[in-house]
Amino acid sequence: MLLFRLFADKIKKCIDEKYHHLVSVEPPKNIEFGDFSTNIALRLSAHLASSPMQIAEQLLQQLQVDPDFQDINIKKPGFINWKVPLNLLLRCLPHMLKNDYGRLDLGNGNKVNIEYVSANPTGPLHVGHVRGAISGDVLARLLSFVGYDVTKEFYINDAGRQVDNLAHSVYWRYCQLLGQDLNNDVEYPGEYLIPVAEDLISTYGDKFLNSPEKEWIDLFKMTAIDSMLSCIKKDLADLGVFHDVFYSERELVVNGEVDKVIQTLQDKDLLYRGILDLPKGSDAEDWEQREQLLFRSSSFGDDVDRPLQKADGSWTYFATDIAYHKTKIDRGFSILIDFWGADHGGYVKRMQAAVHALSNATIPLEVQLIQMARLLENGREVKMSKRAGTFVSARDILDKVGKDVVRFIMLTRRNDAPLDFDFAKVVEQSRDNPVFYVQYAYARINSVLKMFASTLPDHSIKEPTDSDFIDTPEYWPLIKTLADWPRQVMMAAQHHEPHRLAFYIGEVASTFHSLWNCGKEKEVLRFILPNDIAKTCARMYLLTATRNVLNLAFELMGITPVEELR
C-alpha cells in the first residue's frame with residue numbers, strides 16, 4: 001500500500017478527470033497541520049472561476065466523509081491537510097516487510113544513459129571525482145529500482161593534448177630512472193607514474209633513451225592510459241562503483257564519428273563560417289579575430305555560437321563531445337544525464353543546445369554539476385593538485401575511513417552544495433556523525449530482535465492490531481516515517497536527487513532513537529514487555545519493518561549495514 005497514491009486517487013475522484021495530473025500529496029511544512037497535505041485547490045483556481053479557499057471548502061465536504069481522512073482541515077491560501085488514522089497506518093506494515101517495498105513503475109522501461117566520473121586517465125582518482133562517482137552510481141541504482149533501463153557510462157578522455165602531456169611525463173620518469181635527468185617541466189610530475197616507467201624499462205630496457213619522440217610517444221601514451229585506467233577502475237570497484245560501458249574518445253575520433261556529426265550538422269544547415277566577437281572578460285590585445293567553423297548553438301538556447309575547429313584544422317573538444325553525445329542518441333537512449341565538475345558550468349548550455357539540435361528536441365540532456373568536497377584534517381583544509389602530484393586520492397580516503405563512510409558522507413548534501421569531509425568527525429561515535437547515527441539505529445534494532453528471540457523463544461512476531469498501539473502514540477511517528485518510504489523513493493527518482501535517501505534514513509534513525517529513549521524513561525514504552533507478549537510481538541513486527549526499510553535504503557545507497565557496533 002502506498003499512502004500518497006491512495007490519497008491522491010481519492011482526491012482525483014472528487015475532481016474532473018482532465019485535472020488529475022494536477023493532484024499531488026505530500027507532508028505539510030508545518031507538521032502540526034497533519035500528516036499529509038494537498039495544494040490541489042490552489043492549482044485548480046487557475047482553471048476554474050473560483051478562489052482556492054472556495055474550492056478547498058467544496059473538496060472538504062466530499063473528503064471528510066471518508067474515514068481515511070482524519071482531522072481534515074483547511075489552511076490559507078487553500079491547502080487541505082489531514083491526519084492518517086492508526087488502522088490505515090497499520091495496514092501498511094505488512095508491505096514494509098517486502099523486498100520490493102517502495103518499488104514503483106515510473107520508468108516504464110525507458111532507456112537512460114548516466115555518464116559519470118569520466119576522469120581524464122592522467123592519474124588516479126582523487127577526492128574531487130569521488131562525489132560525482134557516488135552520486136551517479138546511487139542515481140543509477142535508484143532509477144533502476146523505479147523501472148528505468150539504465151546504462152552507467154564512463155567517457156575515457158584518451159585523445160588530445162592532455163594524454164600527449166601524460167606520455168611526456170612518463171618519458172621524463174623513464175629517463176630519470178635510467179640515470180638521465182631531463183628538464184622536469186612536465187604536466188604530471190606525480191610519483192604515481194614511476195611504476196609505469198618501471199614497467200616500460202622492464203619490457204624495453206633503455207631502447208627509447210635519447211630516441212626521437214615519434215618512436216616512443218604512441219607506446220608511452222597507450223601504456224600510461226591503460227595503467228591509469230586500470231587504477232581508476234580498481235578504485236571505483238572498491239568504492240562500489242561499476243560502469244556498464246567505457247567509451248573511448250580516441251576510438252570515437254579514429255572511427256570518424258566527429259566527421260560524421262559535422263556532416264549531419266552541415267546537412268541540417270546548422271554550421272557556417274564566421275567571426276566571433278571578443279569574449280567577455282578577455283583581453284583585446286590577446287584576441288585574434290579569425291574566421292571559424294561555427295555551430296548555431298544560439299538558435300537552441302546558448303548565449304553565442306560555438307567554434308568546432310581549431311586554427312590548425314583539428315576539432316575542438318566541443319566537436320568531439322557533440323559526436324560522443326550523438327552516439328548516445330543513436331544507441332536509443334531517451335534520457336541523457338551527465339555528471340560534471342562545477343567548473344564546467346559554462347559548458348552546459350552549448351552541450352544541451354547540441355543534443356537539442358541533433359535529437360530534434362526529443363531527448364533531454366540533464367547536467368548535474370558537482371561541487372568539490374572540501375577535505376579537512378586536524379581542522380585544516382587539505383589542498384589538492386594532480387599536476388603537482390600533491391593530491392588526496394580516492395585510495396587515500398578509502399584506506400582511511402572505508403567505502404561505506406565515504407559513500408554516506410558524500411550523499412549528505414545536494415550535489416550543487418559545498419560539502420566538508422572531516423576525517424575526524426566521520427569516524428567519531430556521536431550523534432553529530434550521520435553515518436554512526438544511522439548505523440547505530442540499525443545495530444540497536446538487531447540487538448533488540450536478538451534479545452526477543454533469546455528471552456521469548458516460544459513466541460513469534462505477529463502483525464499488529466489497533467489495540468497493540470492505540471494507547472502508545474509515541475510509536476506512531478515511526479510507523480508514519482516508514483510509510484513515507486515509497487514517496488521518498490519517488491521524489492528522489494523524479495528529481496534525480498539521491499541525497500534524499502541519506503536525509504530520509506537520518507529521519508528514520510532519529511525517530512527510532514527517540515522511541516528508544518522514551519523506553520528508558522517509561523517502562524511501558526520499552527520494546528520488550530515480558531508481561532505483555534502481544535504488544536511485544538507487535539513491536540518486534542514494527543522493528544523488523546524498520547530494519548527492512550533501512551536495508552532497502554542502504555542497498556540503494558550502496559552501503560553495507562553494520563549488524564553490531566563495538
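Biologist: Which residues form one aromatic cluster?
Modeller: This is a predicted model, and it holds 29 aromatic pairs. Some rings gather in one cluster, with three tyrosines, two phenylalanines and a tryptophan as members. The cluster consists of Tyr171, Tyr174, Tyr204, Phe208, Trp216 and Phe220.

Biologist: Take the rings of Phe7 and Phe69. Is that pair stacked or edge-to-face?
Modeller: The ring centres of Phe7 and Phe69 lie 5.0 Å apart. Planes over 60 degrees apart count as edge-to-face. The planes here stand at 70°, so the pair is edge-to-face.

Biologist: How many residues apart in sequence are the parts that this pair ties together?
Modeller: Phe7 sits in helix H1, and Phe69 in the loop between H3 and S2. Both Phe7 and Phe69 are buried. The pair therefore ties together parts whose separation in sequence is 62 residues.

Biologist: And Tyr116 with Phe339: how many residues apart are they?
Modeller: Their rings form an edge-to-face pair, 6.4 Å centre to centre with 70° between the planes. Both Tyr116 and Phe339 are buried. Tyr116 is in the loop between strand S4 (111-115) and helix H5 (127-145). Phe339 belongs to strand S10 (residues 335-341), and the separation is 223 residues.

Biologist: Back to helix H1. Does Lys10 count as buried or exposed?
Modeller: Lys10 is placed in helix H1. The limit for buried is under 20% relative accessible area. Lys10 has 19% relative accessibility, so it counts as buried.

Biologist: Which side chain makes a polar contact of 3.3 Å with that of Lys10?
Modeller: Leaving aside neighbours within four places in sequence, Lys10 is in contact with Leu63, Asp66, Asp68 and Phe69. The side chain of Asp66 makes a polar contact with that of Lys10 at 2.8 Å. The partner at 3.3 Å is the side chain of Asp68.

Biologist: What is the order of the strands in the open sheet?
Modeller: Three strands form this sheet, with antiparallel pairing. Strand S1 (36-38) and strand S2 (70-75) are the edges, each pairing on one side only. The twist averages 20° from one strand to the next. The order is S1-S3-S2.

Biologist: Which residue in S3 stands opposite Lys75?
Modeller: S2 pairs with strand S3 (residues 79-83) in the antiparallel sense. That pairing runs over 4 bridges. Opposite Lys75 stands Phe79.

Biologist: Which helix lies across S2 and S3?
Modeller: Helix H1 (residues 3-12) packs on the sheet but touches S1 and S3, its direction making about 40° with that of S1. Another helix, covering residues 52-63, runs at about 170° to S2. That helix across S2 and S3 is H3.

Biologist: Which residue does a cis peptide bond join to Lys76?
Modeller: Most peptide bonds are trans. Here omega is about 5°, and the bond is cis. The residue after Lys76 is in the loop between S2 and S3. It is Pro77.

Biologist: Which residues of helix H10 are buried?
Modeller: Helix H10 covers residues 257-267. Seen down its axis, the buried residues fall within an arc of 105°, so they line one face of the helix. They are Val258, Val261, Ile262 and Leu265.

Biologist: What covers the buried residues of H10?
Modeller: The cover includes both helices and strands. Among the strands are S7 (271-274) and S8 (292-295). The helices include H9 (249-254), H11 (317-330) and H12 (348-358).

Biologist: Which residue just after H10 takes a positive phi?
Modeller: Most residues other than glycine have a negative phi. Just after H10, a phi of about 60° appears. The residue is Asp269.

Biologist: Does Asn360 count as buried or exposed?
Modeller: Asn360 lies in the loop between H12 and strand S11 (365-370). Its phi is near 55°, a positive value in a residue other than glycine. The limit for exposed is over 50%. With 55% relative accessibility, Asn360 counts as exposed.

Biologist: What is the relative accessible area of Ala361?
Modeller: Ala361 is also in the loop between H12 and S11. Ala361 has a positive phi of about 65°, although it is not a glycine. Ala361 is partly exposed, and its relative accessible area is 49%.

Methods:
Residues are numbered from 1 along each chain as its sequence is written. This is a predicted model: local features need pLDDT of at least 70, side-chain atom pairs count only at pLDDT 80 or more; totals for chains, interfaces and linings use all residues. Side-chain values use heavy atoms; hydrogens and water are left out. Two strands pair if DSSP finds at least two bridges between them. Helices (H or I, at least four residues) and strands (E, at least two) are DSSP runs, numbered from the N terminus. Axes are lines fitted to C-alpha atoms, for helices over the stretch in contact, and angles run from 0 to 180 degrees between N-to-C directions. Contact means heavy atoms within 4.5 Å. Buried means under 20% relative accessible area, exposed over 50%, partly exposed in between (1.4 Å probe, protein chains only). The arc is that of the directions from the helix axis to the C-beta atoms. A polar contact is a pair of N or O atoms within 3.5 Å; within protein, one must be able to donate a hydrogen and the other to accept it, and residues adjacent in sequence count only if both atoms are side-chain atoms. Rings of Phe, Tyr and Trp (its six-membered ring) pair if their centres lie within 6.5 Å; planes under 30 degrees apart count as stacked, over 60 as edge-to-face and the rest as tilted.
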